[in-house]
Amino acid sequence: LVTQRYDATVALLLCAMCWASLARRPAILGLAAGGAVVLKIVPALAAVVCAIFLFNEGRRADLRRALLWATVTIAVICAPALYAGPMGLLDMARYHLDRPLEIGSTAAGVLGLWHAVDPASVAVAFTFGSQNLVGRLVGVALAASNVTGWLGIALVYAASWRALRSCPTAAGRARLLL
């Protein structure tokens, strides 16, 4: 399932996280969150929204249980790989830190437009198994992309917190979570 239907598996786990949050099933929330994070890491961002939901519902014990189950799930899934090749995790981190700007990203689109003004500033290179941009402005574009991405995530968390805090009904808070 995770090799042939990867995106569908991640989506299924995200749906399970939301369902478990609403159905008061912290163990399932933790299992789904842990599995999703191991598969793609990015679902950790959605798990934080589930945590914000639980916290605002006053369900701190459920939040602690879900966090415990997520931690155990991640540890159980990752332990064999870490034991067999502990440098693999370091290699994965290095791969993502060294990877240039992907051609399909927003920052690459902006640099593509800038290329019309300054053709020497950016070039296309086939590296890391895909087409990427290289050149003197790529570092600036990557930094700007990271800063705006983290700022956007922080704004989503703040808006989620505020909306969940001010919503008077359980049904309304459930809609907000979804």
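Is serine 121 buried or exposed? Serine 121 is buried, with a relative accessible area of 0%; buried means under 20% by this measure, exposed over 50% and partly exposed in between, using a 1.4 Å probe and protein chains only.

A word on ground rules. This is a predicted model, where local features need pLDDT of at least 70, side-chain atom pairs count only at pLDDT 80 or more, and totals for chains, interfaces and linings use all residues. Residues are numbered from 1 along each chain as its sequence is written, and side-chain values use heavy atoms, with hydrogens and water left out.

Back to serine 121: you'll find it in the loop between α6 (106–117) and β2 (123–127). Helices here are DSSP runs of H or I with at least four residues, strands are runs of E with at least two, and both are numbered from the N terminus. A polar atom of the serine 121 side chain sits 2.7 Å from the backbone oxygen of aspartate 118. Skipping neighbours within four places in sequence, serine 121 is in contact (heavy atoms within 4.5 Å) with Trp114, His115, Val134, Gly135, Arg136 and Leu137.

Now the pockets. On a 1 Å grid over the protein atoms alone, a pocket is an open set of points where a 1.4 Å probe fits, with protein on both sides within 12 Å along at least five of seven lines; lining residues have an atom within 4 Å of a point. A volume is the space filled by probe spheres set on the points.

| Pocket | Volume | Top contributor to lining |
|---|---|---|
| Largest | about 530 Å³ | α5, four residues |
| Second largest | about 400 Å³ | α7, five residues |

For the largest pocket, α5 (87–98), β1 (101–102) and α7 (138–166) each supply at least two lining residues. Tyr95, Arg99, Glu102 and Leu142 are among the residues that line it. Its lining splits into six nonpolar, four polar and two charged residues; Ala, Val, Leu, Ile, Met, Phe, Trp, Tyr, Cys and Pro count as nonpolar, Asp, Glu, Lys and Arg as charged, and the others, Gly among them, as polar.

The lining of the second largest pocket includes Lys40, Met92, Gly149 and Trp150, and has seven nonpolar, four polar and one charged residue.

How far to trust all this? The chain's mean pLDDT (the predictor's confidence in each residue, from 0 to 100) is 89, and 98% of residues reach 70 or more. Among the elements, helix α3 (residues 43–56) has the highest mean, 95, and α5 the lowest, 77. Where pLDDT is low, the predicted coordinates should not be read in detail.

Definitions and conventions: A polar contact is a pair of N or O atoms within 3.5 Å; within protein, one must be able to donate a hydrogen and the other to accept it, and residues adjacent in sequence count only if both atoms are side-chain atoms.
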